[in-house]
Amino acid sequence: MLCLLPSSQQGSPLRISSPSRLSIMEFPRNQAAWLPAGSKRPLEVKSAPYTPPAANELVVKNAAIAVNSIEWTKQVVGNFLYDWIRCPFVIGNDLAGEVVEVGEKVTGFKLGDRVLAHAISMDPTINKSSHGAFQEYTVVHAKLTSVIPDALCYEEACVLPLGLSTAATALFQTDFLALDHPTALGKSTRSTVKTVIIWGGSTSVGSNAIQLASAAGYDVITTASPKNFEYVKALGATNVFDYNSKSAVADILNALRTKKPVGAIAIGNGSTEACMEILAKADGSKFVAQISIPFPEKAPVTAWKLFIFIMGLMWWNISIYLKSVRCGVVTKFVFSSSLVHNEVGTMIYNKFLPNALARGEYRIVPKPVIVGKGLEQIQAALDVHKKGVSAQKVVVSL
């Protein structure tokens, strides 16, 4: 994989003083790949305002971004998803780059720092294009930003944020599994009794969840396709089962005979139902953190197919609720940016991850697949991701 040099090695990094000492003409020129309307493609690359950081925020000059299913799903289904967003709007969650401006009250970061960050323009409490990753300069919250080692290239670093945030939210927030926090990888005392079930371990969220749960001292049972069994075991999973197997649920229940599940994370089609069935029959927690919604193998491309999908999704939500009542298992959908509002964001991004990366203890997974360079390539990256990837993350260099 080709890793581009950080901008500090390509020329002098940009330096910006406090915005109070700048005229509007001194701000850098910014461009973004805008979502022009709720269900319109392609993204439109054009100018965007440069926005200085508020308190507890940074501005990052992006060097690489990664794309996710939530972004192309928003483009496909329009206002049915994230209906608070008003287009044109800049979406995008995963970025890595160089800090060019530091807001008030920010500690632990300085100009020129190489960082990865979770951009949260799509969060309802933010809802600002300035905070989206699909542009040259993004405002990010210091709570969701980590300094990265010099040896880690931006194209690799940008694969982590959304998957990391989602996994951390599911595992550690008090309104989800509320597990013990992670320590140094390989140094925690793993419990062979307390077990986390992660259905969909080779996904971006699953890959991070396995590592975080293992670092927190928990036994991990996961699912994957057979070709990814060794991949998830290398991340820390103790047992792995084929999610396509008709006996997967029964096999996991058999593995839980001497273990106590502390909850489950459901990733992928059919995962919520499977996790509910497992926890209903096992002796332990009855909580499932839902990561994904059921999505057809081919994205709906006509208004009629989109209508059918939306109706099917509404019925699925009803059926999950009814099953929850019937079997006594609680489910809750994970909104990954919520960790910016509690201690989990600081714990993961400011304390755990920088040290784990510096020591080489946290694996950068899934591996990036770079589809091109420049904002104009983001739509192509979304289209590639939409077709399906396995144990990979689609990345655009900037």
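Here are some friendly notes on the predicted model shown above, arranged as numbered points.

1. **The overall picture.** Start by getting your bearings in the fold: the protein contains 11 helices and 15 strands. Of its 398 residues, 56% are buried. The accessible surface amounts to about 16,900 Å², and carbon and sulfur atoms supply 54% of that area.

2. **Contacts across the sequence.** Take the contacts in the protein whose partners have a separation of 6 or more: 75% of them link residues 24 or more positions apart. Keep this in mind when you reach Ser207, whose contacts include Tyr231 and Val365.

3. **Ser207 and its surroundings.** Is Ser207 buried or exposed? Its relative accessibility is 0%, and buried means under 20%, so Ser207 counts as buried. You will find Ser207 in helix α5, which covers residues 204-215. Its side chain makes a polar contact of 2.7 Å with the side chain of Tyr231. If you set aside neighbours within four places in sequence, the residues touching Ser207 are Gly201, Ser202, Tyr231, Leu235, Val365 and Pro366.

4. **A cis bond beside that serine.** Two of the residues touching Ser207, Val365 and Pro366, are themselves worth a look. The peptide bond running from Val365 to Pro366 is cis, and its omega is near -5°. Pro366 sits in the loop that connects α10 (343-358) with β14 (367-373).

5. **Another cis bond.** Where else can you find a peptide bond that is cis? Look at the step from Arg41 to Pro42, where omega is near 0°. Pro42 belongs to the loop between β1 (30-34) and β2 (44-48).

6. **Asn56 and its positive phi.** Asn56 is not a glycine, yet its phi is positive, near 70°. This residue lies in the loop between β2 and β3 (57-66). With a relative accessible area of 29%, Asn56 is partly exposed, because that value falls between the 20% and 50% limits.

7. **Ala178, also with a positive phi.** Ala178 is not a glycine either, and its phi is positive at about 55°. Its home is the loop between α4 (161-172) and β8 (191-199). How accessible is Ala178, and what does it count as? Its relative accessibility is 41%, so Ala178 counts as partly exposed.

8. **An annotated stretch to inspect.** The UniProt record, an unreviewed entry, lists residues 303-322 as "transmembrane region". In the model, residues 303-322 are 100% helix and 0% strand. The C-alpha atoms at the two ends of this stretch are 29 Å apart.

Terms used:
Residues numbered from 1 in each chain as written. Predicted model: local features only at pLDDT ≥ 70, side-chain atom pairs only at ≥ 80, totals over all residues. Heavy atoms only, no water. Helix = DSSP H or I, 4+ residues; strand = E, 2+ residues; numbered from the N terminus. Buried < 20%, exposed > 50% of the residue type's maximum accessible area, 1.4 Å probe, protein only. Polar contact = N/O pair within 3.5 Å; in protein donor to acceptor, adjacent residues only side chain to side chain. Contact = heavy atoms within 4.5 Å. Areas by Shrake-Rupley, 256 points an atom, 1.4 Å probe, with all protein chains shown as cover. UniProt positions renumbered as here; feature names shortened; annotations may be inferred.
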